[in-house]
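Me: I would like to go through this model step by step, from the overall fold to single residues. Please reason each answer through before giving the value or name.

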Amino acid sequence: MKKISHNARRYWLKQVQGLGLLALGFCVKPLVAFAKKEDADEAIKKITGGAAITEGKVNLTIPPLVENGNLVVLKVSVDSPMTGNDYVKTIHVIAEGNPLPNIFTVYLTPRSGTANITTRVRLADSQKVWAIAQMSNGSFWSGSAETLVTLSACTEMV
């Protein structure tokens with residue numbers, strides 16, 4: 001008699017454990033934490049307001065293989081004379097695999113001298129990164145690069 005109740009208790013504990021794991025699976029959705037290509041496209045559309053983006057003029061340099069995504073060197077340069085009539089107004093950097101795709105925005109003026117930026121960013125996963133430059137005449141130019149990240153950053157929940 002005592003053995004039967006012991007097995008019933010084990011069965012009940014296994015059922016509760018299964019329900020707990022199922023509930024945890026519904027609450028924690030790791031794929032939701034990372035942005036997707038659609039989120040990056042939406043961020044780009046929000047930046048440009050639906051205007052056409054032309055490839056060229058923007059050179060994005062990022063290492064093709066990154067050991068640690070916590071500190072990735074990123075260089076953006078835009079081919080512009082940076083004069084009063086023709087200069088780069090903003091540079092946006094978008095990463096489709098990060099929790100928030102718009103990594104940063106830089107505002108420039110003709111007094112900036114050159115449109116070159118070097119910084120370090122965090123990348124959550126192997127992904128494609130875009131740099132979009134808005135020129136003083138309102139046109140948008142882009143450049144992109146792909147990188148392979150072996151140790152991801154940005155893994156905490158958003």
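The exchange below concerns a predicted model, and begins with the chain as a whole.

Me: What pattern does the protein chain follow when read along the sequence?
Reply: The secondary structure of this predicted model comes to three helices and nine strands. Read from the start of the sequence, these elements give the pattern α-α-α-β-β-β-β-β-β-β-β-β.

Me: What share of the contacts in the protein chain with a separation of 6 or more comes from residues 24 or more positions apart?
Reply: One such pair is Val106 and Ala133, which are 27 residues apart in sequence and 9.4 Å apart in space, C-alpha to C-alpha, although that distance alone does not establish a contact, for which heavy atoms must lie within 4.5 Å. For the protein chain, the share of contacts with a separation of 6 or more that comes from residues 24 or more positions apart is 67%.

Me: How much of the accessible area of the protein chain do carbon and sulfur atoms supply?
Reply: Of the 158 residues in the protein chain, 35% count as buried. The area that the protein chain exposes is about 10100 Å², and the part of it supplied by carbon and sulfur atoms is 57%.

Me: Is Trp12 buried or exposed?
Reply: Trp12 lies in helix 1, which covers residues 2-27, and together with Leu13 and Val16 it forms a nonpolar patch on the surface, with about 310 Å² of accessible area for the three together. The cut-off for the exposed class is over 50% relative accessible area. Because the relative accessibility of Trp12 is 53%, this residue counts as exposed.

Me: Which residues of strand 2 make up its covered face?
Reply: In a regular strand, side chains alternate between the two faces of the sheet. Strand 2 spans residues 58-61, and its uncovered face holds Asn59 and Thr61, whereas its covered face is formed by Val58 and Leu60.

Me: Which residue in strand 4 is the bridge partner of Thr61?
Reply: Strand 2 pairs in the antiparallel sense with strand 4, residues 72-78, over four bridges. Thr61 belongs to the uncovered face of strand 2, and its bridge partner in strand 4 is Lys75.

Me: Is Thr90 buried or exposed?
Reply: Thr90 is found in strand 5, residues 88-95, and its side chain makes a polar contact of 3.2 Å with the side chain of His92. Leaving aside residues up to four places away in sequence, Thr90 touches Thr105, Val106, Tyr107, Ile132, Ala133 and Gln134. Because its relative accessible area is 6%, which falls under the 20% cut-off, Thr90 is buried.

Me: Which residues does Val106 touch, not counting those up to four places away in sequence?
Reply: Val106 lies in strand 6, residues 102-107, and is one of the residues that Thr90 touches. With residues up to four places away in sequence not counted, the residues that Val106 touches are Lys89, Thr90, Ile91 and Ile117.

Me: What is the phi of Met82?
Reply: Most residues other than glycine have a negative phi. Met82 lies in the loop between strand 4 and strand 5, and counts as buried because its relative accessibility is 6%. Although Met82 is not a glycine, its phi is positive, at about 55°.

Me: Where is Lys57, the residue whose phi is near 60°?
Reply: Lys57 has this positive phi value as a residue other than glycine. At 35% relative accessibility, Lys57 counts as partly exposed. Its place in the chain is the loop between strand 1 (53-55) and strand 2.

Key
Residues numbered from 1 in each chain as written. Predicted model: local features only at pLDDT ≥ 70, side-chain atom pairs only at ≥ 80, totals over all residues. Heavy atoms only, no water. Buried < 20%, exposed > 50% of the residue type's maximum accessible area, 1.4 Å probe, protein only. Helix = DSSP H or I, 4+ residues; strand = E, 2+ residues; numbered from the N terminus. Pairing = 2+ DSSP bridges. Patch = residues over 30% accessible without salt bridge, like charges linked within 9 Å, V, L, I, M, F, W, Y side chains within 5 Å. Areas by Shrake-Rupley, 256 points an atom, 1.4 Å probe, with all protein chains shown as cover. Salt bridge = Lys/Arg side-chain N within 4 Å of Asp/Glu carboxyl O. Polar contact = N/O pair within 3.5 Å; in protein donor to acceptor, adjacent residues only side chain to side chain.
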